[in-house]
Amino acid sequence: MKNLNKISVLLILLLGLTFTSCETTDLDLINDPNQITVENGDLERYMVAIQVDFARFASTMGSNGARLVRIEQMSAGSYVNAFEPIFTNYEWRLAYVNMFSDMKNAANLAIEKGSRGNHIAVMKILKAYTLITLVDYFGDVPRSEANDLSNFPAPSVDPGADVYAFAIATLTEARQELDLLGNLNLGTDYYYNNNFDQWKKLANTLLMQAYVNTNNTAAFNALANGNNFISETADDFVWEYTALINDEIDARAPGYQYDYTSGGATSYKSDYLMNAMLKDDAGIGSDGDPRRRYYFFRQNDCTPGALKDYTVAPEVEGNQCAVDPERLFCSTSPRPAHYPGSEMVYCSVDNGYWGRDHGFGGGIPPDTFKRTAYGVYPYAGNFDDNRFSSVGLGQGGGGAGITPIYLASWSHLMRAEMALANGGEAGTHLRKAMEISIAKVMSFGSKDGDANLATTDDGGFVPTTTTVNNYINTKMSNFGSGNAEYKWNTLGEQHLVAHYGNGSNSYNYYRRTGYPHTLQWTVEPAPGGFVRSLFYPADEANVNPNILQKPNVGVQVFWDNNPPSSAAGTGFPYAN
Amino acid sequence: MRTKFSGILTLLLAFVVQLTFAQEKTISGTVSDNSGLPLPGVNIIVKGTNNGTQSDFDGNYTVNVDVGQTIVFSYVGFYTDERAVTAATSNINLQMSEDAAVLEEVVVTALGIKKEKKALGYAVSSIKEEAIKDSPETDLTRVLQGKTAGIEITTANGMSGSANKVIIRGMNSFSGNNNALYVVDGVPYSSDANAAGNFIDGNSGSSRSFDIDPNNIENIDILKGLAATTLYGTAGRNGVILITTKAGSTSNMKAKQEVEVSTSYFFNEVASLPDYQDKYGGGFDQAFGWFYSNWGPGFYEDGLGGYGSDQALNGQGGLPGATSGTVAHPYATSAFLAANYPDYQATWYQENGDAKRYDWKPRNSVEQFFRTGGVASISTNFRGRSEDGKYNYGMSFGHVNDEGFTPGNQITRTNLTISGGAKLTNKLSVRGSMTYTKTDFKTPPVAASYGSSAGGSGSSIFGDLFYTPRSIDFYELPFELPDGSSIYYRDDNAIQHPLWTVQNSKFSQKVNRVNGFASIDYNFNDNINLRYQGSVDTYSENNVNSQNRGGRTGNIITDSGIYNTWNNTNLITDHNLVLSGNNYSFFNDHLGFNFMAGATSRGTKYDRIGVNSSDQQVFDFFAHEGFVNHGYIEYHEERNIVGVYGQLGFDFNNWIFLNFSGRQDWVSNTEKNNTLFYPSTSVSIIPTSVFSGIKSENGLNYLKLRAGYGTSANFATGYPTVTGLSLNTQGWIDNTSNTTNSFVGNPNIKPELFTEFEYGIEAKLFSRLNIDLTYYTRITNDLIIQTAPIPLSTGAAFTSTNIGEIESWGIEAIADLDILKRSEGFNWNIAVNFTTSESKVTDIGDNDLIMYAGFTNLGNGARVGYPLGSIFGSRIKRTSTGELIVDGAGNYESEDPDEDQILSFLGDPNPDFVMNYTNTFEYKGWSLTMAVNHTSGGVIYSTTIGTLMGRGLTTDTEDRLSTYILPGVNVDANGVTTVNNTQINNSNFYFDNGFASPASELMIYDASVIRLREVSFGYSLPTKMLDKTPFGKVVFKASAYNMWYNAYNTPDGINFDPNTTALGDGNGQGFDYLTGPSSKRYGMSVNLSF
């Protein structure tokens, strides 16, 4: 027994040893095994992330603007509800959390590794675009205190004008960086494939755009006359998608993701834009805008409450489409009392175009096989060759489309605007803008391998050169003879059409000029005042004691000198 | 002591007997306890004399007594019993009945130390075996519902095996885990819920506390306050549920050997369904349509709202062959079928080319959807000890098969425990126990739904079920297309057929778990003991989440067919080395003293690894090779906690008890601020022992006053101090990207601190009323926000921070009254427990509002002056004087920020109070128990109510042909208000100003509920009947759970059960996203002892 006692004491001691040497007493488990450390960051890998995030930013911001100016449909009855603070968290996060943080780390790496001026320049250009866009949409935004958590845990906003000035300086620096000797190429340049002359053109174009917003005619003219901006389609600044989708990534164009599903199309197109492009101006034939078959794909040839063919009299047998309370309830309701005369489109667009009115947010009826879907431009869906068939997975170009971020046609529209505002010759610029916009859009037809791409002369639906020329000539002739309002309306309408796929510029244009006056009004009678700037994102305003949420969406950005919008829907702009 | 004393008595007796002349008899017999087991050591005294004896090991006794005298049987923990001796008496066999409110009760405290309850300066609730076993609920956590004050249990829904949340004394903190710690036989036991995905995409996982077999439990002690849990350190901060299993407690046995078998069968049904109206069918604005909503024409032909005026139904419109009262079959007109399956669609046409017709009438498929599940369980316990008490063993085996009321839901559990102990020498003894558990859980997917299918990327079984329009019978509508894809009534096939979901979408968790301990005790002498205990709890949880291709979730990946498999492994290793000293006494036994000092280390290691696959190639073939795309699932976390602790206890003359304890913890996942000391102290005073004058048989029997002070802390979990980069090998197509993580580490993160004071009174009055009152206050400081949202403009979205302060207080009251006590064998007891806990956020640093659960625009948040857990979201827009604003069309306007530009406060989900009433009647072997729960106050954001009302399904919406005017005001352009008088129709009222409104406030409901929690009726066969059988005890019990409830402030027709949490076992509360109904269970059990 005594032995046993000794043994047991020994046993306890041994156990004590195990206890102290055991892995459960390791108190240094600080590093997260689930992610790499900052030291393992790599410049080229950052550049990939920055370019991808930039495209997402440009695309989602562009969609916000598009909905406000009726390029796309806005689906909430009031402007306040359509742009609740929570809706822009993603965009804000892309800018500050993703891009700006990555740029900060990547710039350090680029400097460390030397001779990386191109990397720095690209980042500066993308950052300047982002900052300008943030100011354009949100007004005063954090810049000088942003992305410096240890010193500024709650960044304050900088005046929009200061941020603009900073962005303009950044673009100027970027141009200089591109000229440094010994610059290396980017591992992957998704935008310009390491053509840095094109990057320089982009920098100049963005500067011009900033000068337009701030009405700096002299600076604008200097650059315009330098003629080193995005003026030809080859220099277009776009993000290209592919048809790839798997567990990790969906690389298809966003509009395609919405509309080409086995359950039909899930987004609504803007009744205003479809109707405007279908009917267009006096003197334009029944084809309307040559781009409409590329922008919109109709699954249906007769929209309840509308005409099957608007060029045929309503009394003709079969031309009047029956109302349908199930799929298009508003086809049974009278026009809203507040809509002006019958020229303003309401509910049902003729010729089978099936969308929704500006500001209509009703429940979703089973209409996904009836709605008009995105076409082949810009998201690589189907070309509308009057096939009137249902959309489905993988159809058309498979989603290998683009998000336009800055197109040559937009530069010319910008020049036309400056000319028109300052008494110059706007027509040539407008003509050029239409020519290259239509050409670019029409080049997308071949993305849809199943489409009948025969011209109208050959029994197909692709506009002939003659049709296109007629269209442009008619437009230009009307423009030439029209009064100032007519000119501004025309320029505005062309602005919207050319910016299909990215409405940021058009939203700025609309706030600068108030045109076109022909926009469809909000279908709800009391939508509140127009959005002059967005609410700050909920994720920012809710947690940043130095940024108080705006009282409403009527706060004007620094360059917006137009009269205020009123809550009653009157005031600026004309069409609310 | 007792033995010696009675020995002396016996000697005295022998002397007395010599002098007695009366007619003396020898009476013998057996004393047993209320379960029929022999009771050794019962004091047996002849009333009014010193004559007496004790029962022996087998409960037998012999005593000499005169005729006419009375024998008194007494034993601690049992009612004292008396028997008169007559000339005829020779044998008295007695079954003593247990006294539920035992004063000299011994309870298990921290680290398994047993103490007399009177010595404790803090509240401990004990729940005995009888209250737990043979319950219709197979999940221990649910069995505990309502059993005592201060503990709040919320279940995800009524599905068998779904997750639970166990909160003791309210939430302390909004980060980390607020769930109580489970300790089984001294071993920390993981109760994690590893749900699939987050609460939006998948809420299907079960809690690992399910692995405990309730039938193997002898006793549960719940340590609520911090003074009680100090020795557990940070792990015990949320309270501790100490479980003593039967197999693990053989040393307490009364008999040499015990065998217990219990078996039960219960039926499991959905507790209640909505009261659907049968007057109107699918459609909107009184027009027919194959919609989600049920605002269509009436099922009557003529008159306002009748189908006679609807072209689709009156036989005058639509496709050829139309007849009045029918509509073209949805599959004949489906645009989806026309586009994708024209051949299949053709089968829905008659030979003459007309579409088949579908009758316009109300249908009841939702009622048919649920089944009656069966819950079968068997549980056996064997335990015994050697004659000399040196060796003991225990073994238990249990099996449960719990079939849910939802098709496809089932959980089975098998437990096997073996345990034993041996005293090797006088000084050295060893003990050990090992339990193996196998749990197999299956369920159709449960995920959040906002009222139009599942909200996330997966399917949800309840997401499309409850609001099936009354004109739809999904049993009449085939759910499978020829290639196996889902098809349903909607024109665009946007809804996944519920029956397709049941058949094709599955989630399962198969768990293999082993936990056990080994301990060695060395007694240096009678006072000093050294113990080492090592324990391990490890489980391997295999998860499979799969869905055949052809689903209709709208998510292209899910609809292509998914197969996700992953394994969660969790390992808790725990060591404890304790030196303790007991029974020291000084100053002539006036002062007692004990001490304890220990060291412990605990490591928790969690690994998840698995594969996601999508794009299924062959329908119904589930192997990763059968899928085109593959991704990974991986996560690792490891943390160690090392602690040292000590305790000093003093008592003076057994009427004042003082206790001091403290613990220092170190954690492994932070570099700075990784250690903390928590002291606690408590005192207990027994006035009835000091001032015997205040004590009387029919007045105050016993009084105890107690006070405690305790502290604890919560350390940040995960890896809070480091900032990393996310690496993505498909940053774009084939290019790898790295991007700054949106979480930025905080190297200065500190533990959050809890300080608690508690005061209590325990009393026994009139020999029949027991009262236990506790009041506590608690302050949480330096709250950790594990992923605190920070301004995005800082370049990060989240960090870990310490901010602020929360004050909370609460009352826990327990009263137990014997209304009738042993009056002609009839007992009637009423037990009531009452809980209220209130909290107030008093400081959150520079922040206006911190949203910590749910969404950023609707969820639980912390805001100064509001209770912790308050729901914040958008509300109806108000004027400056608080009037509700109605827009020109007659609908409410909404606003996110309130007058302070902060997200609006919508309500407090914490109940005002919770009361549980339990009535127990006993007569001879019969017993009847009824338990009623009343939860008063608290709010819930309910998508179930919102959707059923908004889609016009229940009887609440049957009166719908008139117009409605929302109470509120219109504000004109000049800010002038006028009373709203715009009329709106039914869909505007219920749909647009209900669940479809941007104002979340419209879906907030009061969650008060009264519930008949339990009714049970038991019968224990009399011992006499069992004399000739091998059984020591036979008990039959019929019981029923949750047979009735009424959430009296919610719309009547919904029959909504607010005890549900859509946010799983996380810190979110007060949210229901069509999460599923509760269950009711009823059936029988038989319990046999040998």
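How many salt bridges count between chain A and chain B? Just one salt bridge turns up between the two chains in this predicted model, and the first legend below starts there.

**View 1. The salt bridge that links chain A to chain B.** Here A:Arg327 meets B:Asp491 in a salt bridge, with 2.5 Å between the closest N and O atoms. Side chains of opposite charge can pair when their charged atoms come close. Beyond that pair, the interface of chain A and chain B has 23 residue pairs in polar contact, both residues being at pLDDT 80 or more. On the chain A side, the elements that give two or more residues to the contact with chain B are helix H1 (2–21), strand E1 (36–37), helix H2 (43–68), helix H4 (89–113), strand E2 (237–240) and helix H17 (538–541). By residue type, that side of chain A splits into 48 nonpolar, 25 polar and 22 charged.

**View 2. The interface of chain A and chain B as a whole.** Pull back a little and the contact takes in 95 residues of chain A and 92 residues of chain B. The size of an interface is often given as the accessible area lost when the parts come together. For chain A and chain B, about 7,900 Å² is buried between them, and 62% of it lies on carbon and sulfur atoms.

**View 3. A sheet built from both chains.** Three strands line up as E1(A)-E34(B)-E35(B) in an open sheet with antiparallel pairing. E1 of chain A and strand E35 (735–740) of chain B sit at the edges with a single partner strand each, so one side of each has no neighbour in the sheet. Helix H2(A) packs on this sheet, touching E1 of chain A as well as E34 and E35 of chain B, and its direction makes about 80 degrees with that of E35(B). Another chain A helix, H4(A), lies across E34 and E35 of chain B and runs at about 100 degrees to E35(B).

**View 4. Where the strands of the two chains meet.** Zooming in on the join, E1(A) and strand E34 (residues 724–732) of chain B pair antiparallel over two bridges. A:Ile36 has B:Leu725 of E34(B) opposite it, while A:Thr37 faces B:Gly724 of E34(B). On the chain B side, E34(B) carries on into antiparallel pairing with E35(B) over five bridges; one of the facing pairs is B:Trp732 and B:Asn735 in E35(B). These two strands make a hairpin with two residues between them, and B:Ile733 in the turn has a positive phi of about 55 degrees.

**View 5. A five-stranded sheet in chain B.** This open sheet runs in the order E10-E15-E16-E13-E14 with mixed pairing. Its edge strands are E10 (124–128) and E14 (187–189) of chain B, each pairing on one side only. From one strand to the next, the twist averages 25 degrees. Inside the sheet, strand E15 (residues 217–223) and strand E16 (residues 240–245) of chain B pair antiparallel over six bridges, with B:Leu223 bridged to B:Val240 in E16(B).

**View 6. Strand E47 of chain B and its antiparallel partners.** Strand E47 (residues 913–923) pairs with strand E40 (residues 826–843) of chain B in the antiparallel sense over 10 bridges. B:Val832 finds its bridge partner, B:Tyr917, in E47(B). E47(B) is also joined by 11 bridges to strand E48 (residues 926–936) of chain B, again antiparallel, and B:Thr918 stands opposite B:Ala931 in E48(B). E47(B) and E48(B) form a hairpin with two residues between them, where B:Lys924 in the turn has a positive phi of about 50 degrees.

**View 7. A salt bridge within chain A.** The structure holds 62 salt bridges over all chains, and this view picks out the one between A:Lys475 and A:Asp280 (2.5 Å, N to O). It links distant parts of the chain, 195 residues apart: A:Lys475 is in helix H14 (residues 465–481), and A:Asp280 is in the loop between helix H10 (271–279) and helix H11 (292–295) of chain A.

**View 8. Backbone details in chain A.** A cis peptide bond connects A:Tyr515 to A:Pro516, with omega about 0 degrees; A:Pro516 lies in the loop between helix H16 (504–513) and H17 of chain A. Another cis peptide bond joins A:Phe572 and A:Pro573, with omega about -10 degrees, and A:Pro573 belongs to the segment after H17 of chain A. A:Asn351, a residue other than glycine, has a positive phi near 60 degrees and is found in the loop between strand E3 (296–297) and strand E4 (373–374) of chain A.

Definitions and conventions: Residues numbered from 1 in each chain as written. Chains lettered and ligands numbered in written order. Predicted model: local features only at pLDDT ≥ 70, side-chain atom pairs only at ≥ 80, totals over all residues. Heavy atoms only, no water. Contact = heavy atoms within 4.5 Å. Buried area = accessible area lost by both parts, 1.4 Å probe. Salt bridge = Lys/Arg side-chain N within 4 Å of Asp/Glu carboxyl O. Polar contact = N/O pair within 3.5 Å; in protein donor to acceptor, adjacent residues only side chain to side chain. Helix = DSSP H or I, 4+ residues; strand = E, 2+ residues; numbered from the N terminus. Nonpolar A, V, L, I, M, F, W, Y, C, P; charged D, E, K, R; others polar. Pairing = 2+ DSSP bridges. Axes fitted to C-alpha atoms, helices over the stretch in contact; angles between N-to-C directions.
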